[in-house]
Amino acid sequence: MEAALWYVLSGTRGGPNRARVLRAVEERPRNPNQLAEALDLNYDTVTHHLDVLAENDVVESSGDEYGAVYLPTDRAREHWDVVEEITSGLEQP
């Protein structure tokens, strides 16, 4: 899990925005539209980052496709110290 977190949050160009998305859903589960508004990002950008995070078992959705809210997985929560370490060193876009 640590390798996946390092990869998705710092090893790629979208890492800083994925970190913002992850922190936002950790604060409060939200759907993509709420995230786009809260983070001032394009809806398609948010859904792309959520897909990448979900594929790497960092976030999961709860609910149906349209109204699904996202939250960190239990595995991500177990490694939250790694998330903190990674995100503390990232420049925010």
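## Packing of α2 against α4

Helices α2 and α4 are roughly perpendicular to each other, a description that follows from axes which cross at roughly 80° and come within 10 Å. The model in which this arrangement appears is a predicted one. Two packed helices are in general described by the angle between their axes together with the distance between those axes, and for this pair an angle of 65 to 115 degrees is what counts as roughly perpendicular.

On the α2 side (residues 15–27), the contact is made by Asn17, Arg18, Val21 and Leu22, which meet His48, His49, Leu50, Val52 and Leu53 of α4. Sorted by class, the contact of α2 with α4 comprises five nonpolar residues, three polar residues and one charged residue.

## The buried face of α1

Helix α1 spans residues 2–10, and its buried residues are Leu5, Val8 and Leu9. When α1 is viewed down its axis, these buried residues fall within an arc of 90°, so they line one face of the helix.

The elements covering the buried residues of α1 include α2, α4 and α6, the last of these running over residues 80–88. Helices α2 and α4 thus appear both among the elements that cover α1 and as the partners whose axes cross at roughly 80°.

## Salt bridges

The count of salt bridges in the model comes to three. In one of them, the side chains of Glu84 and Arg23 meet with a nitrogen-to-oxygen distance of 2.9 Å. This pair links distant parts of the chain, since Glu84 belongs to helix α6 and Arg23 to helix α2, with their positions 61 residues apart in the numbering. Glu84 counts as partly exposed at 34% relative accessibility, and Arg23 is likewise partly exposed, at 34%.

Another salt bridge joins Glu27 to Arg30, and here the closest N and O atoms are 2.9 Å apart. The two partners stand in opposite classes of accessibility: Glu27 counts as exposed at 61% relative accessibility, whereas Arg30 is buried, with a relative accessible area of 7%.

A further salt bridge is formed by the side chains of Arg75 and Asp57, at 3.0 Å from N to O. Arg75 lies in helix α5 (residues 74–78) and Asp57 in the loop between α4 and β1, so that this pair, 18 residues apart, also links distant parts of the chain. Arg75 counts as partly exposed at 38% relative accessibility, and Asp57 as partly exposed at 30%.

## Two aspartates with positive phi

Most residues other than glycine have a negative phi. Against that background, Asp40 has a positive phi of about 55° although it is not a glycine, and Asp57, also not a glycine, has a positive phi of about 60°.

Both aspartates are found in loops, Asp40 in the one between α3 (residues 32–39) and α4 (residues 43–55), and Asp57 in the one between α4 and β1 (residues 59–62). Asp40 is exposed, with a relative accessible area of 71%, while Asp57 counts as partly exposed at 30% relative accessibility. Asp57 therefore combines a positive phi with a place in a loop, partial exposure and a salt bridge to Arg75.

Notes. Residues numbered from 1 in each chain as written. Predicted model: local features only at pLDDT ≥ 70, side-chain atom pairs only at ≥ 80, totals over all residues. Heavy atoms only, no water. Helix = DSSP H or I, 4+ residues; strand = E, 2+ residues; numbered from the N terminus. Buried < 20%, exposed > 50% of the residue type's maximum accessible area, 1.4 Å probe, protein only. Arc of directions from axis to C-beta. Contact = heavy atoms within 4.5 Å. Axes fitted to C-alpha atoms, helices over the stretch in contact; angles between N-to-C directions. Parallel < 35°, antiparallel > 145°, perpendicular 65-115°, else oblique. Nonpolar A, V, L, I, M, F, W, Y, C, P; charged D, E, K, R; others polar. Salt bridge = Lys/Arg side-chain N within 4 Å of Asp/Glu carboxyl O.
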